[in-house]
There are 2 protein chains.
Amino acid sequence: MFIIVMPSATVENYLKCILMLSMECKGAEVPMGLIANSLGVTPGTATSMMKNLQREKWLTYKSRKGVTLTASGKKLGMRMIRRHRLLETFLVETLGLDWSEIHDEAEELEHSISEKVLERLDVFLGNPQHDPHGHPIPTKGGVIRKLPQKTLLDSLLGKKMKIESILDQGSDFLKFAQKKGLMPGKMITIIKRDKMADTIELQLEKKSKFSLGFKSAEKILVSG
Amino acid sequence: MFIIVMPSATVENYLKCILMLSMECKGAEVPMGLIANSLGVTPGTATSMMKNLQREKWLTYKSRKGVTLTASGKKLGMRMIRRHRLLETFLVETLGLDWSEIHDEAEELEHSISEKVLERLDVFLGNPQHDPHGHPIPTKGGVIRKLPQKTLLDSLLGKKMKIESILDQGSDFLKFAQKKGLMPGKMITIIKRDKMADTIELQLEKKSKFSLGFKSAEKILVSG
DNA sequence: GTCATAATTTTGATTAATCAAAGTAATGCC
DNA sequence: GGCATTACTTTGATTAATCAAAATTATGAC
């Protein structure tokens with residue numbers, strides 16, 4: 001006889017959080033600090049939880065290094081992202097809730113909605129590809145449809161984008177880009193676009209703002 | 001500064017369960033045994049939980065007697081019944097789930113859906129009065145709309161009904177009714193209706209089946 | 001009324017998730 | 001390269017919810 005133990009809401013939250021961090025911040029391992037921080041728990045709590053999660057094969061944990069999700073960990077994390085984004089879509093599209101309120105609501109519901117109800121909801125909503133914030137909804141199989149890439153020049157103001165690649169392979173521009181931190185994987189936001197001055201003002205993650213000419217901005221592919 | 005402590009899902013379950021038991025089975029107190037039984041916990045667990053619930057003013061507990069809900073206990077219990085029934089309605093009406101599957105789904109969701117989302121759902125569904133099983137949905141204020149009363153003769157086959165009152169006040173019939181257990185508050189189900197024999201076959205709670213003539217059946221008012 | 005049986009309460013333990021605070025390791029600045 | 005700062009781990013305690021099993025109290029049949 002098998003007993004299927006459902007992961008607790010807490011486990012689901014940790015895995016979703018770790019998956020999202022691992023997608024945003026490059027590097028093999030996700031460090032403890034980020035995890036504790038984004039879940040709002042003390043570092044000690046995060047450490048001890050990681051040991052449990054490792055014991056249950058959701059991830060591997062290297063002391064003072066960080067964690068890496070296993071295949072099943074990624075799968076569960078993706079499932080949670082799917083749930084969250086489908087629920088957000090439902091709350092906005094069907095019930096007319098406000099953009100600003102839906103995150104917390106979905107955060108609660110995502111742990112108690114069953115697979116069956118979720119798939120019905122997906123059909124009811126017409127298999128949406130994106131949630132109300134524009135984030136892609138992973139498929140049932142756990143695949144995130146790749147977002148179309150655009151150049152930084154064509155992107156929306158104020159939207160957090162992910163740098164996908166640098167088109168100019170000349171070492172000068174690459175060196176410049178690296179120095180500024182303009183590297184694939186980093187998140188970037190356009191603060192201002194000044195047509196007269198032929199510049200866009202950028203904010204790279206937590207770093208200070210800086211500007212780029214239109215010509216250079218066209219060399220940077222982003223998504224998101 | 002106030003901190004509003006949300007009752008846990010466990011507390012919500014206990015109170016909903018106790019409220020339902022108190023409506024089905026009359027008597028001032030709901031006995032421990034029933035509670036432990038319907039929640040599937042050991043008697044000891046129920047006892048210790050009742051002490052906590054009493055400390056938090058959800059009910060009053062008399063040792064070896066049972067418990068009675070306070071006003072706030074009733075209110076929370078009603079709120080849970082409302083949630084449950086509205087969710088069941090949504091699952092059937094909107095998502096097309098099967099009658100048989102919805103109970104467990106709703107049982108989970110009722111603890112994580114917010115007041116706001118619930119009221120939106122209510123509007124979306126057109127303020128339904130009954131869930132798919134025909135049970136009345138309490139109002140937002142926690143009032144259960146009284147079900148119309150019918151005579152036992154006019155009631156549906158196989159539906160569990162609550163005995164509301166006995167019309168014939170003659171002591172003979174009352175004595176007979178009492179002996180059979182046909183008393184207000186008891187739950188009764190019509191097993192069979194036999195027009196030729198002029199009888200209906202009844203099942204009273206856990207007792208054995210018995211029959212009643214059409215004429216007598218008309219003297220018993222039921223609801224539900 | 002007296003026991004056997006049933007109902008309830010007590011007691012002692014367990015598990016998951018958390019925190020505070022103390023201890024240890026790594027990073028990085030001059 | 002040494003020491004301050006930051007990051008992480010350990011330890012010991014707490015809380016809610018639960019069980020098993022022992023102890024107690026009611027109930028009911030005779």
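How far apart do the C-alpha centres of domain 1 of chain A and domain 2 of chain A lie? They lie 30 Å apart. This is a predicted model. The points below cover the domains of chain A, a cavity lined by both chains, and the protein surfaces near DNA strand C and DNA strand D.

**Domains of chain A**
- Domain 1 of chain A runs over residues 9-69.
- Domain 2 of chain A covers residues 150-223.
- Both ranges come from the domain assignment of chain A.

**The cavity**
- The structure holds one cavity of 30 Å³ or more.
- The volume of this largest cavity is about 130 Å³.
- Its lining has 14 residues. Closest to the centre are A:Phe90, A:Leu109, B:Leu87, B:Phe90 and B:Leu109.
- What is the character of the lining: nonpolar, polar or charged? The count is 14 nonpolar residues, no polar and no charged.
- Helices of both chains take part. In chain A, α4 (71-93) and α6 (115-124) each supply at least two lining residues. In chain B, α4 (71-93) and α6 (115-124) each do so too.
- The top contributor is α4(A), which gives three residues to the lining.

**An aromatic pair between the chains**
- Over all chains, the count comes to one aromatic pair.
- The partners are A:Phe90 and B:Phe90. Their ring centres are 5.6 Å apart, and their planes make an angle of 50 degrees.
- That arrangement counts as tilted, because planes under 30 degrees apart count as stacked and those over 60 as edge-to-face.
- Why does the pair join two chains? A:Phe90 sits in helix α4 of chain A and B:Phe90 in helix α4 of chain B, so the pair links one chain to the other.
- Both partners also appear among the residues closest to the centre of the largest cavity.

**Around DNA strand C**
- DNA strand C is surrounded by 20 residues. The closest are A:Ser8, A:Thr45, B:Lys51, B:Tyr61 and B:Arg64.
- Of the atoms of DNA strand C that come within 4 Å of the protein, 79% belong to sugar and phosphate.
- The side chain of A:Ser8 has an N or O atom 2.5 Å from a phosphate oxygen of DNA strand C.
- For the side chain of B:Tyr61, the distance from an N or O atom to a phosphate oxygen of DNA strand C is 2.3 Å.
- B:Arg64 uses its backbone: an N or O atom there lies 2.6 Å from a phosphate oxygen of DNA strand C.
- Four helices each supply at least two residues of this surface: α1 (9-24) and α3 of chain A, with α2 (32-39) and α3 of chain B.
- The largest share comes from α3(B), with four residues.
- By type, the surface near DNA strand C has seven nonpolar, ten polar and three charged residues.

**Around DNA strand D**
- DNA strand D also has 20 residues around it. Nearest are A:Thr47, A:Lys51, A:Tyr61, B:Ser8 and B:Thr45.
- Sugar or phosphate makes up 77% of the atoms of DNA strand D within 4 Å of the protein. The rest belong to bases.
- A backbone N or O atom of A:Arg64 is 2.7 Å from a phosphate oxygen of DNA strand D.
- An N or O atom in the side chain of A:Ser63 lies 3.4 Å from a phosphate oxygen of DNA strand D.
- Chain B contributes through B:Tyr14, with a polar side-chain atom 3.4 Å from a phosphate oxygen of DNA strand D.
- Elements giving two or more residues to this surface are α2 (32-39) and α3 (43-55) of chain A, plus α1 (9-24) and α3 (43-55) of chain B.
- Which element gives the largest share of the surface near DNA strand D? α3(A) does, with four residues.
- The surface near DNA strand D divides into seven nonpolar, ten polar and three charged residues.

Definitions and conventions
Residues are numbered from 1 along each chain as its sequence is written. Chains are lettered from A and ligands numbered from 1 in the order in which they are written. This is a predicted model: local features need pLDDT of at least 70, side-chain atom pairs count only at pLDDT 80 or more; totals for chains, interfaces and linings use all residues. Side-chain values use heavy atoms; hydrogens and water are left out. Domain bounds come from an automatic or database domain assignment. On a 1 Å grid over the protein atoms alone, a cavity is a set of points where a 1.4 Å probe fits but cannot get out, and a pocket is an open set with protein on both sides within 12 Å along at least five of seven lines; lining residues have an atom within 4 Å of a point. Grid points are joined across faces, edges and corners, and a volume is the space filled by probe spheres set on the points. Ala, Val, Leu, Ile, Met, Phe, Trp, Tyr, Cys and Pro count as nonpolar, Asp, Glu, Lys and Arg as charged, and the others, Gly among them, as polar. A residue is near a molecule or strand if one of its heavy atoms lies within 4 Å of it. A polar contact is a pair of N or O atoms within 3.5 Å; within protein, one must be able to donate a hydrogen and the other to accept it, and residues adjacent in sequence count only if both atoms are side-chain atoms. Rings of Phe, Tyr and Trp (its six-membered ring) pair if their centres lie within 6.5 Å; planes under 30 degrees apart count as stacked, over 60 as edge-to-face and the rest as tilted.
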